[in-house]
Amino acid sequence: AVEYLRLDQTITIMFLAPLLVALLAGPFLNEWVGWRRLVAIVFGFGGVVIAVHPGAAPVDPAVGYSFAAMTAMALFMIVTRMVASDDPPLVTLFYSMFAGVIFGAPFALAEWQWPGDWTLWAALISLGLFGSAGHYVLILAYRLAPASTISPFIYFQILTMTLLGYVVFGDQPDIYTLVGSVLVVASGIYLVQRERAL
């Protein structure tokens, strides 16, 4: 999805993951959400629809990749919460990274290219280090709080993603992305506030 869409478009769709987690937390984790939070979930989904604005212009098929990634991320959060209370964090981290290598290898090898210079090597190593560190602290967080409380914190990425997309790639966010992002973030903030109130 990132290959074909602007970074801000991709991350806006990914922001639907915490909303999906809030819906799935009930049947999978017995962490049910009330009607107010369900309204916030629908509100957030409306923000995603505005950001993607289907029908206003031809929708890039890569939007489907982004929705698939978002669904996978939501399920990943649910499963992490399921095992976080039973397995030590390093065990969960090892097996999730191991599974990622095994199941991702066929896709990676199909288009494999050796990094050309040291900057690409440094970027790949940094990706691995920051990704594993982030995953580790996420596992720790899921040991302490419900999934629907933790997951909305990814909304802080909208600031960095939009800024980096503009600075690094020259991606100019359009009005649809900005309005949709505001609605998605607002619904996520409400979910956090509601959880705190409860």
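Which helix does Tyr 190 lie in? Tyr 190 sits in helix 9, which covers residues 175-197. We'll come back to that tyrosine, but let's take in the whole fold before that. Keep in mind that this is a predicted model.

The secondary structure is quick to describe: there are nine helices and zero strands. Walk along the sequence and you just read α-α-α-α-α-α-α-α-α. As for overall size, the C-alpha atoms fill a box of roughly 50 × 45 × 25 Å along the principal axes. The radius of gyration is 18 Å, which agrees with the value near 16 Å that a compact globule of 198 residues would have.

How do the helices come together? Among contacts with a separation of 6 or more, 86% are between residues 24 or more positions apart. Of the 198 residues, 37% count as buried. On the outside, the accessible surface comes to about 11,900 Å², and carbon and sulfur atoms account for 73% of that. The charges are worth a look too: there are 7 positive and 11 negative ones, and their mean positions are 20 Å apart.

Now zoom in on helix 6, residues 118-144. With 27 residues, helix 6 reaches 39 Å from its first C-alpha to its last, close to the 39 Å expected at 1.5 Å a residue. Its buried residues are Ser 132, His 135, Ile 139 and Tyr 142. An α-helix has 3.6 residues a turn, so residues three or four places apart point the same way. What covers the buried residues of helix 6 includes helix 4 (62-84), helix 5 (89-110) and helix 7 (147-150).

Next stop is a loop. Glu 31 lies between helix 2 (17-29) and helix 3 (35-52). Is Glu 31 buried or exposed? Glu 31 counts as buried, because its relative accessibility is 16% and the cut-off for buried is under 20%. Leaving aside residues up to four places away in sequence, Glu 31 touches Ala 25 and Gly 26, along with Arg 81, Pro 146, Ala 147 and Ser 148.

That brings us back to Tyr 190 in helix 9. Tyr 190 is partly exposed, since its relative accessible area is 33%, and partly exposed runs between the 20% and 50% cut-offs. Which residues does Tyr 190 touch, not counting those up to four places away in sequence? They are Arg 36, Arg 37 and Ala 40. Tyr 190 and Arg 37 are 153 residues apart along the chain, yet their C-alpha atoms are separated by 7.7 Å.

Conventions: Residues are numbered from 1 along each chain as its sequence is written. This is a predicted model: local features need pLDDT of at least 70, side-chain atom pairs count only at pLDDT 80 or more; totals for chains, interfaces and linings use all residues. Side-chain values use heavy atoms; hydrogens and water are left out. Helices (H or I, at least four residues) and strands (E, at least two) are DSSP runs, numbered from the N terminus. The radius of gyration is taken over C-alpha atoms; the globule rule is 2.2 Å times the number of residues to the power 0.38. Buried means under 20% relative accessible area, exposed over 50%, partly exposed in between (1.4 Å probe, protein chains only). Contact means heavy atoms within 4.5 Å. Accessible areas come from the Shrake-Rupley method with a 1.4 Å probe; for residues, only the protein chains shown count as cover. Lys and Arg count as positive and Asp and Glu as negative; His and the chain ends are not counted. The place of a charge is taken as NZ of Lys, CZ of Arg, CG of Asp or CD of Glu. The expected span of a helix is 1.5 Å times one less than its number of residues.
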